[in-house]
Amino acid sequence: ERRLTVLFSDIRGFTTISEKLKPQALVKLMNDYLTPMTDIVLKNGGTVDKYMGDAIMAFWGAPIWQEDHSILACRAALDMLKKLAELQVELEKAGLPRIDIGIGLSTGMVTVGNMGSNTSFDYTVMGDTVNLGSRLEGMNKEYGTHAIVPKYTYEDVKDEFVLRPLDLIKVKGKAIPIKIYELMGDKSEMEKLRGIVEGFEAGLSYYWEKKWDMAEESFNNVLKLRQDDGPSKVFLSRIKELRKTELPPDWDGVFVMTKK
């Protein structure tokens, strides 16, 4: 058992993209995407666990221990998003479909080692921490974000990066809610992102207190700074529905994930 950080990344709408391309073109697109993304993981000291079609699973902290595994993983995630922006320009010039990705990270205790059958096995990681990273990757679709981390990772990296609280969620199959955050950028970008972070955080606080008017005002102020801010749009939509709902006295604002 070891405490380390895992990363999952996945291309949004890959099935739709694959339907538009011939097999040879699809293979080339995947190679052109997976090669730089793999290089980024390795450059930041990560171990590539496996490829699952268009998805990448990687981890930090094993087989060689890294004290700053969570920081290295978050830095890799941000580098992947920067590289994605470059690839999007190249793909557009080549007349190829646009690709977008979601990234989920998770830090905690895992079982690491050779796993499989007696005759065929892989060096990999298993445990709740791994499952959570995979679930958070998929949650980017819910919020219109690109990189999500749980509170366990946040506590490790909050002094190195810009993050904003995103929600309080219950993962499918789990009873205890966890706080999740969006990984937004390096600490050097704080001034550029401060208005969005602070405005959204205020809106979230009002939301949990059921102060709908003040929450709406805060989220709308964020949209004035960033018109396409997915999380603000999500919460404005939720508030619209909650206004029509008679909430129980013990409503805690926790969002329950109904799918993986």
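## A predicted model seen from D49, its pocket and its helices

The side chain of D49 makes a polar contact at 2.6 Å with the side chain of K50, where a polar contact is a pair of N or O atoms within 3.5 Å, one able to donate a hydrogen and the other to accept it within protein, and where residues adjacent in sequence count only if both atoms are side-chain atoms. The model is a predicted one, in which local features need pLDDT of at least 70 and side-chain atom pairs count only at pLDDT 80 or more, whereas totals for chains, interfaces and linings use all residues. Residues are numbered from 1 along each chain as its sequence is written, and side-chain values use heavy atoms, with hydrogens and water left out.

### D49 and T124

D49 is found in strand 2, residues 47–52; strands (E, at least two residues) and helices (H or I, at least four residues) are DSSP runs numbered from the N terminus. With a relative accessible area of 14%, D49 is buried, a term that means under 20% relative accessible area, while exposed means over 50% and partly exposed lies in between (1.4 Å probe, protein chains only). Besides K50, the side chain of D49 makes a polar contact with the side chain of T124, at 2.5 Å. Leaving aside residues up to four places away in sequence, D49 touches M57, A58, F59, Y123, T124 and V125, contact being heavy atoms within 4.5 Å. The C-alpha atoms of D49 and K240, which are 191 residues apart along the chain, are separated by 42 Å.

T124 has its place in strand 5, residues 121–126, and it counts as buried at 8% relative accessibility. With residues up to four places away in sequence not counted, T124 touches D49, K50, M57, F59, T111, V112, G113 and M115.

A further buried threonine is T129, with a relative accessible area of 10%, placed in helix 4, residues 128–143. Its contacts, again not counting residues up to four places away in sequence, are L4, V6, S106, T107, G108, M109 and V110.

### The largest pocket

The largest pocket has a volume of about 590 Å³. A pocket here is an open set of points on a 1 Å grid over the protein atoms alone, with protein on both sides within 12 Å along at least five of seven lines, and lining residues have an atom within 4 Å of a point; grid points are joined across faces, edges and corners, and a volume is the space filled by probe spheres set on the points. The lining of the largest pocket comprises 26 residues, of which L81, H146, E182, M184 and R226 lie nearest its centre. Two or more lining residues come from each of helix 3 (69–93), strand 8 (178–186), helix 6 (190–208) and helix 8 (230–242), and the largest share, six residues, is that of helix 3. By class, the lining has nine nonpolar, six polar and 11 charged residues, with Ala, Val, Leu, Ile, Met, Phe, Trp, Tyr, Cys and Pro taken as nonpolar, Asp, Glu, Lys and Arg as charged, and the others, Gly among them, as polar.

### Helices 3, 6 and 8

The table sets out the spans of three helices, the expected span being 1.5 Å times one less than the number of residues.

| Helix | Residues | C-alpha end to end | Expected span |
|---|---|---|---|
| Helix 3 | 25 residues | 36 Å | 36 Å |
| Helix 6 | 19 residues | 25 Å | 27 Å |
| Helix 8 | 13 residues | 18 Å | 18 Å |

In helix 6, the buried residues are M190, L193, I196, V197, G199, F200, G203, L204 and Y207, and what covers them includes strand 7, strand 8, helix 7 and helix 8. In helix 8, the buried residues are G230, P231, S232, V234, F235, L236, R238, I239 and L242, which pack against helix 4, strand 7 (161–170), strand 8, helix 6, helix 7 (212–225) and strand 9 (255–256).

### Backbone details

Just after helix 3, G95 takes a positive phi of about 75°. K210, found in the loop between helix 6 and helix 7, has a positive phi of about 65° although it is not a glycine, and at 36% relative accessibility K210 counts as partly exposed. The peptide bond from A62 to P63 is cis, with omega near 0°, and P63 is placed in the loop between strand 3 (55–60) and helix 3.

Terms used: On a 1 Å grid over the protein atoms alone, a cavity is a set of points where a 1.4 Å probe fits but cannot get out, and a pocket is an open set with protein on both sides within 12 Å along at least five of seven lines; lining residues have an atom within 4 Å of a point.
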